[in-house]
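Colleague: I have just opened this model and would love a guided close look at one part of it. Could you take your time and connect that part to its surroundings?

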Amino acid sequence: MSRLEAKKPSLCKSEPLTSERVRDTLSVLKGIVTSCYGPSGRLKQLHNGLGGCVSTTSHSSALLAHLSVTHPILKILTTSVQNHVSCFSDCGLFTAILCCNLIENVQRTGLIPTTVIKLNKHLLSLCTSYLKTEACGCRIPVDFSSTQILLCLVRSILTSKPACMLTRKEIDHISTLILRAFLLTIPEKAEDRIVLGKSIIVPLKGQRVIDSTVLPGILIEMSEVQLMKILPIKKSDSLKVALFRASLSGDLSDTGEGTVVIGYRVSLENAVLDQLLNLGRQLVSDHVDLVMCQKVIHPSLKQFLSMHRIIAIDRVGVALMEPLRTVTGAQPIGSLGSISPSSYGSVKDLCTAKFGFKHFFHLIPNEKTVCSLLLCNRNDTAWDELKLTCETALHVLQLTIKEPLVLLGGGCTETHLAAYIRHKTFNEPESLPKDDGYTQTELQLIAEAFCSALESIAGSLEHDGGEILTDMKYGHVWSVQADSPSVVNWPDFLSRCGCGLCSSQEELNWSFVRSTQHRFAPQTCLPHGAVGSANNLTLDCFTAKLSGLQVAVETANLILDLSYVIEDKN
């Protein structure tokens, strides 16, 4: 009998945020995510000390997945951000930085947590209400009759990930391909409820980025030998397709649960092979042209199908089953019994293709709602980051079609919101709802901490020691080099604001973000018609950033509200 150890008592710590170790740990996490933020963000190299692959990234989903977090407070923060990213794909770093900034700033005020939480909720409501109104000066409606805004949105996402290692020309090329791939997933016949198709990213590593392309349908990678065995099919109409999720290898392991009863002197292998050949005869009699199997097809069945000029493709994998079902309209067949005629599907055509050193079987659908994005990059690490970024961009476009709005990027939304909150809380306090739970002084104190947290995000885009300014008309952010003189004619040093919408040639006044703040009502920079003609805007996903704002404030409130942390040490 093994020796029993006495159960250790749980470790209980009160007021966890007062601990120096907790504050230091939060500061380290903030430093990691802040240093990754934006187009000039510093890359992080992730690897396991026990071995395995090494990846280079500045993407929040990859970064947080590899961070080993032990303290409960940090687990709350990282889990909240990961949940946000799993739903919206974008604005993960924004959410993490804002949450850390809020916790840090409100702790300096010395106010009790209940008051801080109530005021944070009030300011969050003020932000979300403003962002959802037509009068909001930092959002732009998306006109789907033009691709300009959508291209700027995709380009902004690609530019923000330097680990993709793309040149300007390559960014423009990939942005166009992503947008084209997304448009191919929209059905031509729009009904009351639009169901988007799917874009499949096909890897082609070690090739030039500029060789990337988009094709309607599905590319299935095959060896050159396999392609040589496939006989061409000449048909004027569509090709009939059978799609199997059950293995056609004849293995007993694929017969399911239960007892297999074998008669005396009966060859099990021959019996299974006879069943497979009977299945093949039905496929021939049903005039099937193409058989695809998720798993393995028995060589004898392959030969039988080939003799009857039926193309057989196996090992397509579980990842392609749903796209194949969408493209062909076939119902995946899960048994070796009789096949219902309604299980068959069809495709318009099929052909072979070669890209780089890889050979593919190209399935061309009747309706183009599934496409293949053949993605190239120079090496494995850069390709992995580019794939993750392309998936983010495609998801952001899906979110944008549901809610056709974008926000100004480059830090301009954050500084504009900060200017709006300051104006409302300091200059127009009478317009805010009254509450007996706090004083006007407390409101202004937390409002300043909240605004400073937003402005710090804009400042996080600067990684080379430069200074951040804001104009006192639109509330947009501007960046200058570190060695700029303190008293200058700013239009000589500034070109355009962070989002690219405002020009320094306008009659504007600027102030340093870190200096004493001037309170003013921020205006809208340009009419919407002029925005549509702008070429190089930096934009953010409206839905993702709004959710990130809410998650950051709610997570900060949850952490600030913690009175005890109880850890079971057994």
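Colleague: Let's start with a cysteine: does Cys-164 count as buried or exposed, and at what relative accessibility?

Modeller: Happy to, and please keep in mind that this is a predicted model. Cys-164 counts as buried, because its relative accessibility is 1%, and the cut-off for that label is under 20%. You may wonder about a bond to another cysteine, but the structure holds 0 disulfides. For Cys-164, the nearest cysteine sulfur belongs to Cys-390, 7.1 Å away, whereas a disulfide needs the two sulfur atoms within 2.5 Å. Cys-371 is in no disulfide either; its nearest cysteine sulfur is again that of Cys-390, at 12 Å. Cys-371 is buried too, with a relative accessible area of 0%.

Cys-390 is a handy stepping stone to the interior, since Ile-174 touches it. Setting aside residues up to four places away in sequence, Ile-174 also touches Leu-158, Val-209, Ser-212, Leu-375 and Leu-386. Ile-174 is one of the residues that touch the most other members of the largest nonpolar core, which has 121 residues. Leu-77, Leu-98, Leu-131, Ile-178, Ile-421 and Leu-539 share that distinction. Apart from this core lies another, of 31 residues, including Ile-230, Leu-239, Ile-313 and Leu-363. As background, nonpolar side chains in soluble globular proteins tend to be buried together.

Now to two helices. Helix 4 covers residues 92–109, and its end C-alpha atoms are 27 Å apart, which agrees with the 26 Å expected for 18 residues at 1.5 Å a residue. Of those 18 residues, 14 are buried, so helix 4 is largely enclosed by the rest of the structure. Just after helix 4 comes Gly-110, with a positive phi of about 80°. Helix 12 spans residues 380–402 and includes Thr-400. Thr-400 is buried, with a relative accessible area of 1%. Leaving aside neighbours within four places in sequence, Thr-400 is in contact with Val-142, Phe-144, Leu-150, Leu-153, Leu-405 and Cys-541.

Finally, Leu-363, a member of the 31-residue core, leads us to a sheet, as it is the bridge partner of Leu-350 in strand 13. Strand 13 (residues 358–364) pairs with strand 12 in the antiparallel sense over 7 bridges. The open sheet has 3 strands in the order 7-13-12, with antiparallel pairing. Strand 7 (218–222) and strand 12 (349–355) are its edges, each pairing on one side only. From one strand to the next, the twist averages 30°. Helix 11 (residues 321–328) lies across strand 7 and strand 13, running at about 130° to strand 7.

Notes. Residues numbered from 1 in each chain as written. Predicted model: local features only at pLDDT ≥ 70, side-chain atom pairs only at ≥ 80, totals over all residues. Heavy atoms only, no water. Core = buried A, V, L, I, M, F, W, Y, C linked by side-chain atoms within 4.5 Å. Buried < 20%, exposed > 50% of the residue type's maximum accessible area, 1.4 Å probe, protein only. Contact = heavy atoms within 4.5 Å. Helix = DSSP H or I, 4+ residues; strand = E, 2+ residues; numbered from the N terminus. Expected span 1.5 Å × (residues − 1). Pairing = 2+ DSSP bridges. Axes fitted to C-alpha atoms, helices over the stretch in contact; angles between N-to-C directions.
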